[in-house]
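Please open the model in a viewer and keep the selection panel at hand. The tour below proceeds stop by stop, naming what to select and what is found there.

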Amino acid sequence: MSLQMVTVGNSIALIQPGFSLMNFDGQVFFFGQKGWPKRSCPTGVFHFEVKHNHLKLKPAVFSKDSCYLPPLRYPATCTFSGNLESEKHQYIIHGGKTPNNELSDKIYVMSVVSKNNKKVTFRCTEKDLVGDIPEGRYGHSIDVVYSRGKSMGVLFGGRSYIPSAQRTTEKWNSVADCLPHVFLVDFEFGCSTSYILPELQDGLSFHVSIARNDTVYILGGHSLANNIRPANLYRIRVDLPLGSPAVECTVLPGGISVSSAILTQISNDEFVIVGGYQLENQKRMVCNIISFKDNKIDILEMETPDWTPDIKHSKIWFGSNMGNGTVFLGIPGDNKQAVSEAFYFYTLKCAEDDVNEDQITLTSSQTSTEDPGDSTPFEDSEEFCFSAEANSFDGDDEFDTYNEDDEEDESETGYWITCCPTCDVDINTWVPFYSTELNKPAMIYCSHGDGHWVHAQCMDLAERTLIHLSEGSNKYYCNEHVEIARALQTPKRVQSLKKPPLRSLHKKGSGKIITPAKKSFLRRLFD
């Protein structure tokens, strides 16, 4: 096993915990950026190219008949072929978090339409389901099994928001384990069926799943209800006769306690588990090799790589499988330095360089990090592009890499910003304050200077005032800048009073009126 540090260009801000990597015939693609796609890559999918330990992200494009694929973090992904003999494969994507912290319940299918030396064009379609539809979730698994010449998707585990009827002020954004049901999904006809297996008593998330022919193995995971990482190993076998499918579950010995681990395949019958956690804030530094022989599974510890001091001392780590027995890892940067990167990245090669890529087809695992709870969602971008033209990025070098400088500073426009010194809106405890709010706090734009967004609740705005300001085009100034705005206002012009015409003069000391004729006579007299 060899560990190498990777440098990243301007695109480093896109790589956050919860991303996914997809391997199409040896080419790796990045999916699940933090924030909505924008100008530099309106589709939100990037070619993930590592050369000489330097990473470049190049925008990928979708065909005109593709549906819009939102950036989803912590989704369940797996490869899918029509049958075991098929050389071409697709990726199935289910669930995950959107940048607005909403949970998706949709299934997307990604496939390659065309490929040349400069770009790859994808097609993305949304699969509608009927029957027992799995609720929106994240940190779960989806795999494909093959039996009797047919295929079926197997979905299990994950976390979801607690039902709205159970939400309180303190638990508005709380999540809970999904029920330990196994869903069989027919990707051809869009049918979904839920199965309750007595061996599966607790919901699990961030577990490892491996699909082998007609069987899925579930290893490790985290139970949020009990706050444990049970050392369980389940074998779920699916039989697909002409009638109804048959699903059976067996509890096997030899499991390990781990969550959020990364799974990579190094040969037809061998897999490696890297990373993960054994306790809440304790990383699991041991690597394991999983071997399959004669329908038996063996899990053994293997020689660990020479972890760097930064990796050893970091509290969290995350990453994804790149295929070819290679894992991409990230750790937080050193905050002690004056100028520090948000994350440092490494590649870990667990296999020899001559691994046949055609053999790496049936692996599946979750994104390799527990949900840290600090995933700061961003405001919807006005730069949505629901389908990119196939020639949007043809040839020109200016589109070769993602340029972070082209983007607006999303941290200043997000819903979860600190809008003023006394701002108390927190993503973990926020609850609707106005009747017009659904899943994000109401904001209002302050026109001071270059302008900035503030939370209406922090500005003590009544709902009637908020609605009134949103309907009109009047400028608004937040509490911090309202006095400055008043001081800069030009005083209203006051019309000067007109002096009445002098029609008569009164001589002091007498009540007699001096007429104009007498006034002229007196002037000549005294002159």
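**First stop: a buried cysteine**

Select Cys458: this residue is buried, with a relative accessible area of 12%, in what is a predicted model. Cys458 lies in the loop between β33 (452-455) and α2. Now display its surroundings, leaving aside neighbours within four places in sequence: Cys458 is in contact with Cys419, Cys420, Cys423, Asp424, Val425 and Asn479.

**Second stop: across to Cys419**

Move next to Cys419, which sits in the loop between β31 (363-365) and β32. Is Cys419 buried or exposed? With a relative accessible area of 9%, Cys419 counts as buried, since the threshold is under 20%. When residues up to four places away in sequence are not counted, Cys419 touches Trp453, Val454, His455, Cys458 and Met459.

**Third stop: the annotated site**

Select Cys419, Cys423, His455 and Cys458 together; an unreviewed UniProt entry annotates these residues as "binding site". They span 40 residues in sequence, yet no two of their C-alpha atoms are more than 8.0 Å apart, so they gather at one spot.

**Fourth stop: the largest nonpolar core**

Keep Cys419 selected and add Met459, Leu461 and Tyr476. In the largest nonpolar core, which has 23 residues, Cys419, Met459, Leu461 and Tyr476 touch the most other members. Colour β32 (443-446) and α2 (463-471) as well, as each supplies at least two residues of this core. Which element gives the most to the core? That element is β32, with three residues.

**Fifth stop: a sheet of five strands**

Turn to the open sheet whose five strands run in the order β11-β17-β16-β13-β12, with mixed pairing. Its edge strands are β11 (130-131) and β12 (141-147), each pairing on one side only. Within the sheet, select β13 (residues 150-156) and β16 (residues 181-186): these strands pair in the antiparallel sense over four bridges. To inspect one bridge, select Phe156, whose partner in β16 is Val182.

**Last stop: another open sheet**

Five strands in the order β6-β10-β9-β8-β7 form an open sheet, also with mixed pairing. Here the edge strands, each paired on one side only, are β6 (61-62) and β7 (76-80). Select β7 with β8 (residues 90-94) to find antiparallel pairing over five bridges. Which residue of β8 is the bridge partner of Thr77? The partner is Ile93.

Definitions and conventions
Residues are numbered from 1 along each chain as its sequence is written. This is a predicted model: local features need pLDDT of at least 70, side-chain atom pairs count only at pLDDT 80 or more; totals for chains, interfaces and linings use all residues. Side-chain values use heavy atoms; hydrogens and water are left out. Two strands pair if DSSP finds at least two bridges between them. A nonpolar core is a set of buried Ala, Val, Leu, Ile, Met, Phe, Trp, Tyr and Cys residues joined through side-chain atoms within 4.5 Å. Buried means under 20% relative accessible area, exposed over 50%, partly exposed in between (1.4 Å probe, protein chains only). Contact means heavy atoms within 4.5 Å. UniProt positions are given in the numbering used here, feature names are shortened, and annotations may be inferred rather than shown by experiment.
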